[in-house]
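Work through the following exercises with the model open beside the text, and try each task before reading its solution.

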Amino acid sequence: MAYLLKKTDTTTKQRLMQFFALTLGIAILLNGVTIMVHMAIKQNYERSMEQLLNLNQFYFQLDELNGYVRAYTQKGSEEEKKSMESCRVKMNDFLNKLSGRKENTVFQRDVTDVKGMIRTYEESLECVYRYMGQVQQERMQPELASKINQEYEKMQNVYQTIYNEFKTLEMEMMEDIGAEKKMMNEREYFYYIELSAMLLLLLGIGLAYARKLANKINIAIDALTKASGEILSGKLLQFQCVEITGEKIDAEMQLMVHAFNTMIAKIKQQMQEIEENASAKVALREKELENLRITNLLRTSELKALQMQMNPHFLFNTLNMISKTAYMGDSDKTVFLLQKTAQLLRYSLDYMGKSVTLAREMEMLGNYVYLQEQRFGDRISFEFDLDERFHQIQVPCLILQPLVENAITHGVGGYLKDGQIKIRTKYDLERKMGEISVEDNGYGITQEQIEKIRKDLDCPKMQREKIGLANVYMRIKLFYGEKASFEMESIPMVKTKIVIRMPWESR
């Protein structure tokens, strides 16, 4: 196999990359030259259009200036004078921009002539300023009026001459722009023809090369396809190997054929080994492993479903308690209780279907107990006796709150005073078992009722319909298996106690 890899210096992929790199380089070079020529012509055209725009703007400002001159000679207003100066600055600015057309000497000569006429026009304008200044200081005298009219007539003659020159310049520029536009269109047309020819040429070369390469590849592919068909028809054991003789193929195809032959040989060898090593036992073992995996997946899914079932029930009971508090009309207290409730709801949503530490569960139970203390006041007292040595154990989310809620609802919730609920945790170091208990001094239940409840806890229907104890029992059972226990004991009117024991070894 190593010999096949070293047989040629370049692989098919490398030859393809070299071919496409060469064709792409030629295409980019030709396109680059064509685009550069086209862009140069386009820049000349755009520059000519800009000059034509500057020429038109120059004449527009001159025409506007000439209008203001007429109004100024009649009224002598400072407002017209300011407008005249503004037009005069803009006019000279556009005239200076016209001087940038270096490639046309005739055009530059005409622009120079226009500049000379503009200077004459401005000299007359300065005389008008001077005479109008005298008019504002003295009365209008016939002699001043005559001088102003003479300068105005002189300015009009210059204006008419400039206008004629403007038309000549405009005509010259339009002819130049038309010629550049025609050249640009012709160049663009030539570019498309050149691009099409180049694409057709490259396409032809590429197709010819691809056909040659495909023929060399198809020899090996056809042989492998034929061999695969024989194997699929059930002739694997009779199949020997793929042989390609009398045809030249690439090293990659030779490697593929060699790998195919090697693979078939190994498959045949493995089939013989499987038959010799009791394939029935292997299949049975795989079936057992698959059943175990499916059982674990079902167990995990059921645990998540039970925990998610707990959230709507918890939400309903908690909000029902808050609504009763709000009904009493204490808005500040209701807002504070809602904040505590929000923490509990955020906890239930964040850890839905997950496990938490017992320490975290106790922290959230403290919020719930606080809410109940606000609701019942002195009627019920809550006592915590905690052994924190095993509080890092992982437990399903929300397993303590339903136990405390059950003690309130069915135990001391109807008491007007002296109700007690005790929450304890204890760790047995020798047995390495953690214990959680919830005890109340409520009405209690009989032994017959306890037996019935125990039967209901193992009933699938009750697990689906009863949310409280059955849900907690099933989640503990799914989470810890048979290693954990769930016990109940009750003495009517004395105490009712629920105990959960689970294994935990400190590290």
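**Exercise 1: the sheet and its strand partners**

In strand β7, methionine 433 has proline 503 as its bridge partner. The model is predicted, so that local features need pLDDT of at least 70 and side-chain atom pairs count only at pLDDT 80 or more, while totals for chains, interfaces and linings use all residues. Residues are numbered from 1 along each chain as its sequence is written, and side-chain values use heavy atoms, with hydrogens and water left out.

Task: state how many bridges join strand β5 to strand β7, and in which order the five strands form the open sheet.

Solution. Begin with the terms: strands (E, at least two residues) and helices (H or I, at least four) are DSSP runs numbered from the N terminus, and two strands pair if DSSP finds at least two bridges between them. Strands of a sheet pair through backbone hydrogen bonds, either parallel or antiparallel.

Next, take β5 (residues 433–440) and β7 (residues 495–503), which run antiparallel and are joined by eight bridges; glutamate 435 stands opposite arginine 501 in β7. On to β6, which pairs with β7 in the antiparallel sense over seven bridges, with glutamate 489 having lysine 497 in β7 as its bridge partner. The hairpin of β6 and β7 has three residues between the strands, and there methionine 493 takes a positive phi near 65°.

Finally, assemble the sheet: the order is β2-β4-β5-β7-β6, with mixed pairing, and the edge strands, each pairing on one side only, are β2 (380–385) and β6. Seven of the nine residues of β7 are buried (under 20% relative accessible area with a 1.4 Å probe, protein chains only; exposed is over 50%, partly exposed in between), so β7 is largely enclosed by the rest of the structure.

**Exercise 2: two helices across the sheet**

Task: determine how α9 and α10 are oriented to each other, and which residues meet.

Solution. Axes are lines fitted to C-alpha atoms, for helices over the stretch in contact (heavy atoms within 4.5 Å), and angles run from 0 to 180 degrees between N-to-C directions. Helix α9 (residues 358–376) lies across β2, β4 (419–428) and β5, running at about 160° to β2, whereas helix α10 (residues 401–412) lies across β2, β4, β5, β6 and β7 at about 145° to β4.

The axes of α9 and α10 come within 10 Å and cross at roughly 25°. The two helices are therefore roughly parallel to each other (under 35 degrees; over 145 is roughly antiparallel, 65 to 115 roughly perpendicular and the rest oblique). Among the residues that meet are Leu365 and Tyr368 in α9, and Val404 and Ile408 in α10.

**Exercise 3: aromatic pairs**

Task: count the aromatic pairs, and classify the one formed by tyrosine 163 and phenylalanine 166.

Solution. Rings of Phe, Tyr and Trp (its six-membered ring) pair if their centres lie within 6.5 Å, and planes under 30 degrees apart count as stacked, over 60 as edge-to-face and the rest as tilted. By this rule there are nine aromatic pairs. Tyrosine 163 and phenylalanine 166 form a tilted one, with 6.4 Å centre to centre and 35° between the planes. Both residues lie in helix α5 (residues 142–232), three residues apart, about one turn of the helix. Tyrosine 163 is partly exposed at 28% relative accessible area, whereas phenylalanine 166, at 5%, counts as buried. Together with Tyr59 and Tyr159, Tyr163 and Phe166 form one aromatic cluster.
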